Amino acid sequence: MFFELLLPLTDIFPFFRVFRYITFRSAYAAVTALLISFLLGPKLIRMLKKRSAGEKIRNDVPDRHLNKAGVPTMGGILIISSVVVAALLWMDLQRVEIWIALSAMLGFGAIGFVDDWLKTYRPPSQGLATSHKIIWQVLVALAIAIPLYLLRNEYTTLLYVPFYKYPLVDLQLFYIPFAVLLLVSSTNAVNLTDGLDGLATGLVLMVAITFTVLSYVSGRVDYSDYLNIAYISGGGELAILSFGLVGACVGFLWFNAHPAEIIMGDTGSLALGALLGVTALLIKKEMLLIISGGVFVLEVLSVIIQVASFKLRRRRVFLMAPMHHHFELLGWSESKVIFRLWILGGLCAILSLSTLKIQ
């Protein structure tokens with residue numbers, strides 16, 4: 001909005017030329033999202049407490065989690081609102097990529113909101129049935145993947161892998177199921193990781209910082225040519241969106257850090273996973289999402305291994321899955337688990353950025 005309103009005034013007021021710069025608008029998108037989180041966070045927490053929108057604790061988690069019962073959930077509303085407002089204020093709204101990315105976040109966030117609402121206000125409901133949730137996720141993912149395919153450019157259907165500068169394969173029509181799988185997987189990976197105070201928020205923050213850098217260099221002809229990566233028109237605008245997500249996560253972490261005053265719930269985890277997934281699709285860094293989000297991948301794998309082992313061998317590999325609960329049952333404090341997984345997430349982010357020139 002600011003970009004479109006103030007850019008025509010640059011001939012009269014040269015100062016407004018700063019609104020052309022991706023770096024300037026990225027920084028202020030992050031600041032805007034951060035301030036919105038700080039301002040609206042306490043009000044949202046009070047409103048959710050007043051409406052008794054407290055977290056319901058499952059019986060199969062470590063006992064120390066029982067004291068989290070009643071902590072306001074659906075905090076993802078705060079993150080989504082912060083990102084959307086920051087995007088509308090600081091981005092070039094004529095770019096179709098922006099609307100696709102925001103639609104993905106809002107669509108999956110809506111599924112999470114319904115799930116949280118059912119858990120909170122329709123007891124003893126456990127929320128949407130798993131099969132229903134997956135069906136809705138696939139439908140929303142299709143609503144994103146099909147426009148991406150129809151509006152494709154020369155790079156859209158190509159699959160790139162780290163350390164190799166040429167596309168591995170042209171997916172062609174198979175791009176649609178590939179995009180659906182990526183979106184559904186990324187949303188559920190973040191959802192599974194959101195089990196400790198601030199864990200998922202901090203990890204999403206690190207991936208968002210990584211994607212800010214990746215989007216920026218992908219959107220520059222000179223940088224993308226130097227790094228031998230696909231040039232993505234509009235990549236710079238996606239850098240603004242990713243950095244806005246960074247600001248929103250930092251603001252939310254203020255209230256979500258241990259001991260949490262608010263929990264993002266499925267509203268937040270599904271929305272954040274979708275935004276990361278669609279950004280990876282738009283800038284052609286799908287495989288780097290697996291590396292930068294390495295902790296999310298490990299959390300999913302721990303669940304898959306646990307379920308497969310129990311069905312095939314009637315034995316468990318982990319004391320509890322996802323793996324963050326395994327470490328808790330080993331005697332680690334919640335804070336230690338969070339910080340150590342954050343450190344691992346930071347290493348994954350650095351590794352993913354290091355692949356840019358090693359190819």
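## Aromatic pairs within helices

At a relative accessibility of 27%, Tyr121 falls in the partly exposed class, and Trp117 is likewise partly exposed, with a relative accessible area of 32%. In this predicted model, Trp117 and Tyr121 both belong to helix H4, which spans residues 96-121, and they stand four residues apart, about one turn of the helix. Their rings form a tilted aromatic pair, with a centre-to-centre distance of 5.9 Å and an angle of 50° between the planes.

A further pair is made by Phe339 and Trp342, whose rings meet edge-to-face, at 5.2 Å centre to centre and with 80° between the planes. These two residues lie in helix H14 (residues 334-354) and, because they are three residues apart, about one helical turn separates them. Phe339 is exposed, having a relative accessibility of 52%, whereas Trp342 is buried, with a relative accessible area of 17%; the pair therefore joins a ring-bearing residue classed as exposed to one that falls under the 20% limit for burial.

## Aromatic count and cluster

The total for the model comes to nine aromatic pairs. Phe24, Tyr28 and Trp90 are grouped in one aromatic cluster, and Trp90 of this cluster is also one of the residues through which helix H3 touches helix H9.

## Packing of H3 against H9

Helix H3 (residues 76-90) and helix H9 (residues 235-256) have axes that come within 9 Å and cross at roughly 145°, and the crossing is right-handed. On the H3 side the contact is made by Leu78, Ile79, Ser82, Val83, Ala87 and Trp90, while H9 contributes Ile240, Leu241, Gly244, Leu245, Ala248, Phe252 and Phe255.

Sorted by class, the contact of H3 with H9 holds 11 nonpolar residues and two polar ones, with no charged residues. The polar pair consists of Ser82 of H3 and Gly244 of H9, because glycine is counted with the polar class in this scheme.

## Arginines over tyrosine rings

Two arginine placements complete the description of the aromatic residues. Arg152 lies over the face of Tyr149, at 4.2 Å from the ring centre. Arg220 lies over the face of Tyr223, where the corresponding distance from the ring centre is 4.4 Å.

Technical notes
Residues numbered from 1 in each chain as written. Predicted model: local features only at pLDDT ≥ 70, side-chain atom pairs only at ≥ 80, totals over all residues. Heavy atoms only, no water. Axes fitted to C-alpha atoms, helices over the stretch in contact; angles between N-to-C directions. Left-handed = near helix turned anticlockwise from the far one by under 90°. Contact = heavy atoms within 4.5 Å. Phe/Tyr/Trp six-rings, centres within 6.5 Å; stacked < 30°, edge-to-face > 60°. Buried < 20%, exposed > 50% of the residue type's maximum accessible area, 1.4 Å probe, protein only. Lys NZ or Arg CZ within 6 Å of the ring centre and 35° of its normal.
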